[in-house]
Amino acid sequence: MPCSEKRARKLLAAGRARVHRLFPFAIRLLDRTVTDSAFRQGRKPASTQAA
């Protein structure tokens with residue numbers, strides 16, 4: 001997901017992310033796991049479920 005430049009700098013400085021690609025610039029979060037991902041477990045996020 002996109003984030004602001006300020007947030008990206010904070011994540012990189014804290015060691016929670018690393019540079020994934022320089023052009024276009026992209027970072028990858030390090031503290032996320034596959035088991036935490038809603039899409040990998042077959043669940044849909046609450047925003048896409050019908051009310």
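Which residues form a nonpolar patch on the surface? In this predicted model, the patch is formed by Val19, Leu22, Phe23 and Phe25, whose accessible area together is about 500 Å². Val19 belongs to strand β1, which spans residues 17-21. The relative accessibility of Val19 is 36%, so this residue counts as partly exposed, the class that lies between the limits of 20% for buried and 50% for exposed residues.

The secondary structure of the protein consists of 1 helix and 2 strands, arranged in the order α-β-β from the N terminus on. Helix α1 covers residues 5-14, strand β1 covers residues 17-21, and strand β2 covers residues 26-29. The chain comprises 51 residues, of which 6% count as buried. The exposed area of the protein amounts to about 4900 Å², with 56% supplied by carbon and sulfur atoms. Among the contacts with a separation of 6 or more, the share contributed by residues 24 or more positions apart is 0%.

The connection between the two strands contains a cis peptide bond. This bond runs from Phe23 to Pro24, and its omega is near -15 degrees. Pro24 is located in the loop between β1 and β2. Phe23, on the other side of the cis bond, is also one of the residues of the nonpolar surface patch.

A single electrostatic pairing was identified, as the structure holds 1 salt bridge. The partners are Arg16 and Asp31, and their closest N and O atoms are 2.8 Å apart. Arg16 is situated in the loop between α1 and β1, whereas Asp31 lies in the segment after β2, so the pair ties together parts of the chain that are 15 residues apart in sequence. Arg16 has a relative accessibility of 35% and therefore counts as partly exposed. Asp31, at 38% relative accessibility, likewise counts as partly exposed.

A further spatial relation concerns the helix and the second strand. Arg9 is placed in helix α1 and, with a relative accessibility of 53%, counts as exposed, because the limit for this class is over 50%. The C-alpha atoms of Arg9 and Ile27 are 9.8 Å apart in space, while the two residues are 18 residues apart in sequence. Ile27 falls within the range 26-29 assigned to β2.

Notes. Residues are numbered from 1 along each chain as its sequence is written. This is a predicted model: local features need pLDDT of at least 70, side-chain atom pairs count only at pLDDT 80 or more; totals for chains, interfaces and linings use all residues. Side-chain values use heavy atoms; hydrogens and water are left out. Patches are made of residues with over 30% relative accessible area and no salt bridge: like charges are joined within 9 Å, nonpolar side chains (Val, Leu, Ile, Met, Phe, Trp, Tyr) within 5 Å. Accessible areas come from the Shrake-Rupley method with a 1.4 Å probe; for residues, only the protein chains shown count as cover. A salt bridge is a side-chain nitrogen of Lys or Arg within 4 Å of a carboxyl oxygen of Asp or Glu. Helices (H or I, at least four residues) and strands (E, at least two) are DSSP runs, numbered from the N terminus. Buried means under 20% relative accessible area, exposed over 50%, partly exposed in between (1.4 Å probe, protein chains only). Contact means heavy atoms within 4.5 Å.
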